[in-house]
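I opened a fresh page to keep track of what I looked up in this structure. My notes are short, and they go one topic at a time.

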Amino acid sequence: MTVRSGLGGPRLLLRRLREIMAEPVSPQTRLDKIVTQIASNMVAEVCSVYVLRGDGALELYATEGLNREAVHLTTMHAGEGLVGAIAESAEPLALSDAQSHPAFSYKPETGEEIYHSFLGVPILRGGTTLGVLVVQNRARRVYLEEEIEALQTTAMLLAEMVASGALQALVRPGDSTALRRPIGLRGQAVSDGVGLGHAVLHEPRIVIKQIIAEDLAAENARLDAAIEALRNEIDALIEGGERLGAGEHRDVLETVRMFANDRGWIRKLHEAVATGLTAEAAVERVQNDTRAKLQRQTDPYLRERLHDLDDLAHRLLHQLTGQSFVTAREILPDNAILVARTMGPAALLDYPRHKLRGLVLEHGGVSSHVAIVARAIGIPVVGDVANVTDLVDTGDAVIVDGGAGEVQLRPQPDVEIAYGEKAKLRAKRQEQYRALRNTPAVSRDGVEVKIGMNAGLIVDVQHVEETGAQSIGLFRTELQFMLASRFPRASEQEALYRTVLDMTGDKPVTFRTLDIGSDKVLPYMAKVEEENPALGWRALRIGLDRPGLLRLQLRAMLKAGAGRLLRIMFPMVATVGEFEAAREITMREMRYLEKHGYQPPSALHLGVMVEVPSLLWELETICARADFLSVGSNDLIQYLFAADRDNKRVASRFDPLSPPALRALRAVAEAGARAGKPVTLCGEIGGKPLDALALAAVGYRGLSMSPSSIGPVKAAILSADIGAIAAFLAPMLESGDDRQPLREDLRRYLTECGVALN
Ligand code: PEP
Ligand code: MG
């Protein structure tokens, strides 16, 4: 038998609920009134609210129709019964004969066995389940599509109550709602250190002040106007491509534009308004459903689309609420843990670093540039933490353990104590590293590895003294460019280089010319659209095609280096000819300066970064021409394995500690030794103790790394026998069998030998 839909329809229900929300009553009474109202409006004998608790159980919080004694006593476990199934799938479930459903189970204390029809919807926020709202009827009936819609809309109101903490008074001591529960999350260990603080969302969540509409026609008109304005905004952004900021890549915007014109999406929004929601609540409602569906997708392509849709919804909400893109920077507490979906290096540097205690990224791993910057400024980072921006709220207590790749949200006191201990232990270890500051890194068998430091900002340079680095083996000049709002003037570049040289005194500094392109975007420079930016127009390629830019920078370096040793290296050299061309430009600048009476550097060393595999087959020639070589293993490994260093699906698939990569790295070190040219390595692997030992074993006598890695790497070298490691690795490197788990074998061996691998 089919029964007509409820009396008065969803709009009347929402109006009544709005009145209940405004009444000065206790949370329980409000919830009781809400369920009574829903039941009567939907002509149902039962209406119940279940709230998902921190321990994963669904607790009955209010009911009309079931036994009231069961409230706060009846619980379902995850996946248990129909309610559990809805919580798990985050999808509505409508059944005219609930008891014949395989998932049906009933709790005798509720007295629900007499009800046949069942309609349940998830209470969602950001695609995450917070609870379940259910109506039941004694008679067998089919719930209409509009009733399901109406119940979903009502569930939004309950989601707001749970999320805003309005039900907090009903949570029993020791329990918590799922949203506020302590959660431990795992991600990638990106930048070492333990940070305790309070969460700040890099893109603050938009607050929707009114959920229920007063005038539907007006809401529809607002929605249409906002969609129109959004389309114009995106068109303008795409057309004025040169003004695109970091992260606003054209392909993302193109996808967003496609969705913004999608009729299905717009229809869904209007349907949501028709159920009685304001335009902004409708956007959230549709996005909630989309998130819930896509988050449960296993197809990575579909999951990726979620970000485009999030972006779209976010922009539309900005249009509707008129809330400007407030940057979290403006509301930063003193002990901030930044939480971001993605972030560019320039955006991170925009924050006052003395307030930052840590960074958590939903997307972004070890060799992303934001990670490099975070390491340079000493902020603990965990990357690739799934869903974290949904799970955390501004102000939540957060612990970031960058060494272990762990994040604790709203930690319980015992967890906090444990991490406090860890931080203390770490401080003790730092103390030991500081004691090694002036000790050269000489292994037990007398092999010395010179330890340099990577830098890119003035603030990094102070670490040279603190860590006892013997040089700055890589100074990434692009960071100054990425931070500026326009091309830094020649005088500004010169001033920076001079300050760096002044600060480091006798210790050599190797400046790398501008390495931009790929993910290092200059906001003020026209972005060239490329299918494969990592293989595209970047680094020295730009320098050679725009020699004016390169000349300006070289002149600034040469002037800053007057009367002292100046070392310059070129990034992304793919052929000997490119290095020659760069050298020619440098020498021309040198002649120009000399002709105009400037003092030249006392010595000029020109080096090449080995990070494009083609150079592996020109090692002899390049060694003959260059004064030194520096291996950029981040790029070299990504090109060797054809695996994007920033793409988590592939980045960790290939291990640099595997025979093919180690053989390639060894070939560079050996070629340098044969030609009598120094070879260092300045990629991230040089900063990991285990990897650093393997590098020393295949011939590296110079490594440059982030400041925090210097202590651990030095301690490892001091406690190791490099000759013995070389002998251990030799058969694996000669055997030609690439399937061996070299890293684990080496770790075991070194642990047995008592080598410090922290
Ligand atoms: C490298 O590629 O290893 C490197 C040091 O350069 P960057 O990480 O800046 O590309
Ligand atoms: Mg590189």
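**Entry 1: a word I need first**

Before anything else, I wrote down what "buried" means: a residue is buried if its relative accessible area is under 20%, and exposed if that area is over 50%. I also noted that this is a predicted model.

**Entry 2: the metal**

Which residues coordinate the magnesium ion (ligand 2)? I found Glu-611, through OE, and Asp-635, through OD, at 2.0 to 2.2 Å. I then looked up where the two sit: Glu-611 is in the loop between β19 (603-610) and α20 (619-625), while Asp-635 belongs to helix α21. The two are 24 residues apart in sequence, so the pair ties together separate parts of the chain. Are Glu-611 and Asp-635 buried or exposed? I checked, and both are buried.

**Entry 3: the other ligand**

Next I went to ligand 1. How many residues surround it? I got 16, and the closest are Arg-476, Arg-512, Gly-632, Asn-634 and Arg-645.

I picked out some contacts with oxygen atoms of ligand 1:

- For Arg-645, an N or O atom of the side chain is 2.8 Å from a ligand oxygen.
- For Glu-611, a polar side-chain atom lies 3.0 Å from a ligand oxygen. I had already met Glu-611 at the magnesium ion.
- For Gly-632, a polar backbone atom is 3.4 Å from a ligand oxygen.

How much of ligand 1 does the protein bury? Alone, the ligand exposes 290 Å², and I read that the protein buries 100% of that.

Then I asked which elements give two or more residues to the shell around ligand 1. They are α11 (369-376), β16 (471-476) and α21 (633-640). The largest share comes from α21, with three residues. That is also the helix where I had found Asp-635.

I sorted the shell by residue type as well. I counted seven charged residues, five polar ones and four nonpolar ones.

**Entry 4: the whole chain**

I zoomed out here. The protein chain has 27 helices and 22 strands. Why can I call it as compact as a globular protein of its length? Its radius of gyration is 31 Å, and the globule rule gives 27 Å for 758 residues; the two values are close, so the description holds. Along its principal axes, the C-alpha trace spans about 95 × 60 × 45 Å. I also noted that 54% of the 758 residues are buried.

**Entry 5: two positive phi angles**

I looked up two residues with a positive phi that are not glycines. Arg-410 has a phi of about 45°, and Met-572 has one of about 60°.

Where are they? I found Arg-410 in the loop between β14 (406-409) and α13 (413-435). Met-572 is in the loop between β18 (565-570) and α19 (576-595). I checked their cover too. Arg-410 has 10% relative accessibility, which is under the 20% cut-off, so it counts as buried. Met-572, at 1%, is buried as well.

**Entry 6: a threonine pair and a cysteine**

Thr-275 is in the loop between α7 (263-274) and α8 (279-295). Its relative accessibility is 7%, so it counts as buried. Which side chain does Thr-275 touch through a polar contact of 2.7 Å? I found that of Thr-153.

Cys-47 belongs to strand β1 (residues 46-52). With a relative accessible area of 0%, Cys-47 is buried. I compared Cys-47 with Leu-66: they are 19 residues apart along the chain, and their C-alpha atoms are separated by 8.0 Å.

**Entry 7: out on the surface**

My last stop was a pair of exposed residues. Glu-620 is in helix α20, and its relative accessible area of 65% makes it exposed. Glu-620 and Ala-675 are 55 residues apart in sequence, and I got 7.6 Å from C-alpha to C-alpha.

Arg-674 is in helix α23 (residues 659-675). Is Arg-674 buried or exposed? At 61% relative accessible area, Arg-674 is exposed. I also looked up how Arg-674 is placed against Arg-138: they are 536 residues apart along the chain, and their C-alpha atoms are separated by 88 Å.

Technical notes
Residues numbered from 1 in each chain as written. Chains lettered and ligands numbered in written order. Predicted model: local features only at pLDDT ≥ 70, side-chain atom pairs only at ≥ 80, totals over all residues. Heavy atoms only, no water. Near = heavy atom within 4 Å. Polar contact = N/O pair within 3.5 Å; in protein donor to acceptor, adjacent residues only side chain to side chain. Areas by Shrake-Rupley, 256 points an atom, 1.4 Å probe, with all protein chains shown as cover. Helix = DSSP H or I, 4+ residues; strand = E, 2+ residues; numbered from the N terminus. Nonpolar A, V, L, I, M, F, W, Y, C, P; charged D, E, K, R; others polar. Donors = N, O, S within 2.8 Å, 3.2 Å for Na, K, Ca; no water. Buried < 20%, exposed > 50% of the residue type's maximum accessible area, 1.4 Å probe, protein only. Rg over C-alpha atoms; globule rule 2.2 N^0.38 Å.
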